[in-house]
Amino acid sequence: MKARVKTTTSTPVVIDGAAGEGGGQILRTSLALSLVTGRAFRMVNIRAKRAKPGLLRQHLTAVRAAVEISDAACDGAEIGSGELVFRPEAVRAGDYHFAIGTAGSTTLVLQTILPGLALASGPSQIVLEGGTHNPLAPPFDYLAHTFLPIFNRFGPTVEATLVRAGFYPAGGGQIEVKITPTDRLRAVELLTRGTDSGRRVVAHVAGVPANAAERAFEQADKRLRWGRGVCEIIEHPTERGQGFVLVGEVASEGHTEVFTSFGERGLRAEAVADRMVEQVRSYLAGGLPAGEHMADQFLLPMALSGGGAFRTAGLSPHARTNMDVIQAFLSVRFQVTELKNGGVEVRVPCGN
Amino acid sequence: MSSKKLVVLGLLGTQLDTGKHAHRWKSWRPTVSLCQHDDLLVGRLELLHDRRYTGLAETITTDITGVSPETEVRRHVVEFGDPWDFEEVYGALADFARGYSFDMENEEYLVHITTGTHVAQICLFLLTESRHLPGRLIQTSPPRERQPRHLAEAGQYSIIDLDLSRYDRIAARFAQEQKEALTFLKNGIATRNAAFNRMIEEIEHVAVASREPMLFMGPTGAGKSSLARKVFELKRGRHQLAGQFVEVNCATLRGDTAASTLFGHVRGAFTGAQRDRPGLLRSADSGLLFLDEIGELGADEQAMLLRALEEKRFLPVGADQEAKSDFQLIAGTNSDLSGAVAKGEFREDLLARINLWTFVLPGLAQRTEDIAPNLDHELENAARLLGRRVGMAKDVRAAFLDFARSGEAKWSANFRDLNAAVTRMTTLARGGRITHEVLSGELGRLRTGWKTAPGTVVGENGDENALLMSALDAEGAAALDLFDRAQLACVIRVCRDSKSLSEAGRRLFAVTRGKRKTANDADRLRKYLTRFGLTWPCANHSPP
């Protein structure tokens, strides 16, 4: 995407919503950057080539949250809308409560508003209700163990607590997030995986047969040889439906990656474990620290900090689209270098 | 989508919406699914349920709050008693609709028809169709078998607008059907007269939408009878009539037998009534009765007909039990029925009854732009009857049309005149072409006919008559069918123009004689004349 950077902050940044991958990701990144920079944006051709074009409910939940924390003026925030204009005021720190249906995800809404609140003038407390373990969004475990520890290295202090799990499709989960902001973000480097510092397999279960988790553990152990001692079952109340989520954690010095697999009707517990194991193996084989999603999430705080770098096995189309959107808002240029042993390094040169 | 708040009205599904404990999320529940779609934001759900299902309604409300916090759920207790009783369910739902304050300016409504008994679904449909529920229908359906569950838990939905004109393909289909109906009523002739085309459109509309009587007014030969038959065929094609087309000219119903012909009689009702006779009204039961020249109907018959129209029953002659017949009536007239009413010759109440849809069929002289398409139609018809095509050179055709559209052409018997003219010209056409010679002869015949017999009917063309009368006696001429009349007149004309039987034969059989092994034209002509009791001298003999 060739985005135009306007010289005056009063003219909105124009973002092409049909470009690249993931209309939803483009929107969330744009909202987050608009909240941080105070620059308005106009997004056109929103999901133009999709079967159901225009904004969907999950996008509107993110827009609404962004409007609420910044008193933004917003035009086109309707289902099916192909164009959105967003003009924020200063972000207000404070206590917020967002109820999000299963059509959206608590973690995605948090990603939208977090950078703005992490750079606000005071602390915030956020309660998010809705899905916490949704197959199409990062689950709470990823937020708590992978994303927030890295994000905190940029300067702010953010803690997330799972009050209640919300599985798809029933939702009804709850997350509490405490944010202590920082004045400006520091440059962070994530270049090596460091020494191993632990392995874990967690099964979140609600209303599924007890032996399902055991069978999944058995299968994971058979293939990863991490031992049964690292396995843990976390049981959740069943009144809001069933849930079965298997999480594999690979902790290294300074960074933990989380890999998730979701139980589905008709899918054997062993197959659920296999899906998690494949992701873990692929990550370990690459030897590089940032997983696919981490690479995606690292870009925005790195660009805001004006420096830093990370290494990953490869950039997904999502990540590349994200880079384009960020470069449309900020006068930074990402430097992408192919590494000799495979993988890439993405860097924001200092003084850029 | 508009920015109006979306409000769904629906019944709690006592079967489909049920489910207990965690397992309830395993099955697709239509009411919950309404609020799970990523591209459908239900602002409010009006959930109607029986008091006995309050617990279920509460569960559904909780679950919807979880999946869709944007949705407000309002519960309404509606008592059906028997949810399969149409009257009861309709009444309860209609009461709900009446009591509900619809805010059309700020909200738009969807009526969910997937839940509830079939009776309830039908009632919701009817209430929506009649705009008692001013919205569109929404139908939900479970996820397809092979869809990944985490992508399609909510299944599908479709919104149905009962305003059919909003659907391009349906509207196009209606337009096509109507166009076909119009073409059909016009006998496939692409008529150009705007007033006539407008009238046909009205007739089509009335024919399809109404069972009331129609009255066709117009001069003789304007096509009343043909149009009545076309209306019948159109309605039968649309399954609106199951019976037959029955046609009678009231001018032919005279004296004692008139009532019996129309209404039937029972055996022994009068001298000569040896058998029961059903009568034309009963023959037309569930069909269409065309009464032409209705002004000629006698006073008694008028009274009986009125009763038959109003009560669908009448008393056959001599019967003491009423007969029933439910028919559609089309009446035809060439006379001023209002004048007849003023003179006391026609019943005012009967006129009022048949005068609801009155159409005045213009004569051919008032539709000069339609002569050309009708000429083509008649030529095609003649070709079908003769078994060979008859052509008309461009200049001949132009000359005929010039004459036909001029003030000189009276067309006093309208389409009958045109039909007769084309029949004569095609019969006389040698080598399959209507020549200038044939045309000028025909124009002469038409002129003479209109001069000598103004307003004559049914091929009683003066010229033709004179020819026939000169060869046959009056009784013999009167016994001829129109078909034979036209043909025989033409044959006699050729005979008069020929010196010998052989020459006349050669001319008359010019086309087919070449195909025969032996050219026995004279013999063929002689045999033809003999059928009418004519000999060569008789046919050849010129009138004094």
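## A four-stranded sheet and its surroundings

In strand 12 of chain A, A:Ser252 is the residue that stands opposite A:Asp196. Please keep in mind that this is a predicted model. The two strands behind that pair make a good place to begin: strand 10 (residues 196-206) and strand 12 (residues 243-252) of chain A pair over 10 bridges, in the antiparallel sense.

Both belong to an open sheet of 4 strands in chain A, where the order is 11-10-12-13 and the pairing is mixed. Strand 11 (231-235) and strand 13 (255-262) of chain A stand at the edges; each has a single partner strand, so one side of each is left without a neighbour in the sheet. On average, and with direction ignored, neighbouring strands of this sheet are turned by 20° against each other.

The sheet also has a helix to look at. Helix 6 (residues 269-286) of chain A lies across strand 10, strand 12 and strand 13 of chain A. Relative to strand 13 of chain A, helix 6 runs at about 150°.

Now let us step back to chain A as a whole, with its 8 helices and 16 strands. The table gathers some overall values.

| Property of chain A | Value |
|---|---|
| Buried residues | 56% of the 352 residues |
| Contacts between residues 24 or more positions apart | 71% of the contacts with a separation of 6 or more |
| Exposed area | about 14,200 Å² |
| Share of the exposed area from carbon and sulfur atoms | 47% |

For a single residue of chain A, try A:Thr29, which lies in helix 1 (residues 23-37). Is A:Thr29 buried or exposed? With a relative accessible area of 3%, A:Thr29 is buried, because buried means under 20%. Leaving aside residues up to four places away in sequence, A:Thr29 touches A:Leu300, A:Asn322, A:Val325 and A:Ile326.

Chain B offers a view of the surface. There, B:Phe86, B:Ile122, B:Phe125 and B:Leu126 make a nonpolar surface patch of about 330 Å². Which element gives the largest share of the nonpolar patch? Helix 4 (residues 118-129) of chain B does, with 3 residues. B:Phe125 lies in this helix 4 of chain B, and its relative accessibility of 33% means that B:Phe125 counts as partly exposed, since that class covers values between the buried limit of 20% and the exposed limit of 50%.

Key:
Residues are numbered from 1 along each chain as its sequence is written. Chains are lettered from A and ligands numbered from 1 in the order in which they are written. This is a predicted model: local features need pLDDT of at least 70, side-chain atom pairs count only at pLDDT 80 or more; totals for chains, interfaces and linings use all residues. Side-chain values use heavy atoms; hydrogens and water are left out. Two strands pair if DSSP finds at least two bridges between them. Axes are lines fitted to C-alpha atoms, for helices over the stretch in contact, and angles run from 0 to 180 degrees between N-to-C directions. Contact means heavy atoms within 4.5 Å. Patches are made of residues with over 30% relative accessible area and no salt bridge: like charges are joined within 9 Å, nonpolar side chains (Val, Leu, Ile, Met, Phe, Trp, Tyr) within 5 Å. Accessible areas come from the Shrake-Rupley method with a 1.4 Å probe; for residues, only the protein chains shown count as cover. A salt bridge is a side-chain nitrogen of Lys or Arg within 4 Å of a carboxyl oxygen of Asp or Glu. Buried means under 20% relative accessible area, exposed over 50%, partly exposed in between (1.4 Å probe, protein chains only).
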